[in-house]
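Colleague: I'm new to reading protein models, and I'd like some help with this one. Please walk me through one part slowly.

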Amino acid sequence: MSNTQTRFCKFCGEQVDFLAEFNDYYCRFCHSYQTHGESISVGGKKSPAYNIDPNPPPVAPPVLPPAWRGNIPMFRHREYLVMQAFLSWGPKYTIYNVTGHKMGEIKGKIISWGGEWNFFDFEGRKVANVKGNPTIITFQDKKFDIRDHQGRFKGAIKGKYGFLRRKWELYDANGRLVGRPDEQVWIKMNWRLIDPQGRILLTVDKKWFTFRDQFRVVVSEHIDPLIALAYAVAIDYMYFRGDKSSSSW
Ligand SMILES: [Zn+2]
């Protein structure tokens with residue numbers, strides 16, 4: 001492999017460095033090697049490693065979908081691997097990219113009147129926030145605002161009471177409906193977010209890993225990866241943990 005040409009990250013589009021000792025290109029913006037992936041090891045168990053395209057990264061910056069362009073590198077990926085740990089003080093999620101490297105962490109605070117998730121990059125900088133509005137009674141509509149690293153409002157997750165339980169919808173910063181989970185949300189292994197035109201925006205696959213409490217998030221080019229990831233994590237928590245463990249959700 002040669003390092004004479006300027007090349008750009010296959011994932012986020014930033015300029016990559018050639019690391020001779022690894023014989024690979026590396027993106028320091030999203031922590032991604034460019035031609036090989038590694039499995040993720042947690043507690044002695046290993047995830048399957050992705051087959052990364054072995055070609056060198058492109059010599060021109062890749063064209064990113066319009067919905068992704070204003071985002072920081074961490075939120076310009078098509079796929080994320082999320083691992084959960086439930087600690088005494090609240091949920092924690094570690095985010096990996098498909099090359100098996102850590103991209104960041106999400107720390108949740110679950111409190112009776114709402115809930116909050118803070119997203120951090122791999123250097124510990126706060127890069128997003130999801131915060132719930134206080135609710136007094138159980139059968140009240142809930143809303144979680146999603147904000148980026150600059151505190152800009154990016155969208156909202158709204159929980160509307162329907163038959164038997166809430167339906168969590170995703171809205172953009174202009175208040176337009178982005179999508180709703182399809183009926184597969186009742187199946188605990190996989191679910192998808194579908195837009196009003198019926199397109200799949202987001203797929204969450206909980207079977208991909210070899211161990212519990214992990215999931216894979218696949219983001220389409222029609223949705224901002226920041227709000228997609230925020231939604232995937234919040235929904236995973238609210239459908240599969242919060243709704244059954246606490247009446248205040
Ligand atoms: Zn990158």
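What share of the 249 residues in the protein is buried? After that, please take a close look at the stretch where strand E7 meets strand E8.

Modeller: Happy to. This is a predicted model, where local features need pLDDT of at least 70, side-chain atom pairs count only at pLDDT 80 or more, and totals for chains, interfaces and linings use all residues. Numbering starts from 1 along each chain, as its sequence is written.

Your first answer: 37% of the 249 residues are buried. "Buried" means 20 or more other C-beta atoms within 10 Å of the residue's own, "exposed" means 12 or fewer, and "partly exposed" is in between, with C-beta atoms placed from the backbone. As for confidence, pLDDT is the predictor's own score for each residue, from 0 to 100. Its mean here is 86, and 83% of the residues reach 70 or more. Do watch residues 243–249, where pLDDT is below 50. Where pLDDT is low, the predicted coordinates should not be read in detail.

Now to your strands. The protein has 17 strands and 1 helix; these are DSSP runs numbered from the N terminus, with at least two residues (E) for a strand and at least four (H or I) for a helix. E7 covers residues 90–96, E8 covers residues 102–109, and 5 bridges join the two antiparallel strands. Strands count as paired if DSSP finds at least two bridges between them. Strands of a sheet pair through backbone hydrogen bonds, either parallel or antiparallel.

Look along E7 for Tyr93, which faces Ile106 in E8. The hairpin of these two strands has 5 residues between them, and Gly100 there takes a positive phi near 85°. E8 also pairs with strand E9 (residues 116–121), again antiparallel, over 6 bridges. Within that pairing, Glu105 has Phe120 in E9 as its bridge partner.

What does this corner touch elsewhere? Follow Val233: not counting residues up to four places away in sequence, Val233 touches Val82, Tyr93, Ile106 and Trp117. So the opposite pair Tyr93 and Ile106 are both among its contacts. A contact means C-beta atoms, placed from the backbone, within 7 Å. Val233 also belongs to the largest nonpolar core, which has 53 residues, and is among the members that touch the most others, including Leu202, Val217 and Tyr231. Such a core is a set of buried Ala, Val, Leu, Ile, Met, Phe, Trp, Tyr and Cys residues joined through C-beta atoms within 7 Å. Helix H1 (residues 225–245) gives this core its largest share, 12 residues. In soluble globular proteins, nonpolar side chains tend to be buried together.

For another hairpin to set beside yours, try E11 (residues 142–148) and E12 (residues 153–161), which run antiparallel and are joined by 6 bridges. Phe144 has Ile157 in E12 as its bridge partner. This hairpin has 4 residues between the strands, and Gly151 takes a positive phi near 80°. E12 then pairs onward with strand E13 (residues 166–172), antiparallel, through 7 bridges, and Gly155 stands opposite Asp172 in E13.

Positive phi turns up outside glycine too: His31, in the loop between E2 and E3, has a phi of about 60°. With 22 other C-beta atoms within 10 Å, His31 is buried.

Technical notes
Two residues are in contact if their C-beta atoms, placed from the backbone, lie within 7 Å.
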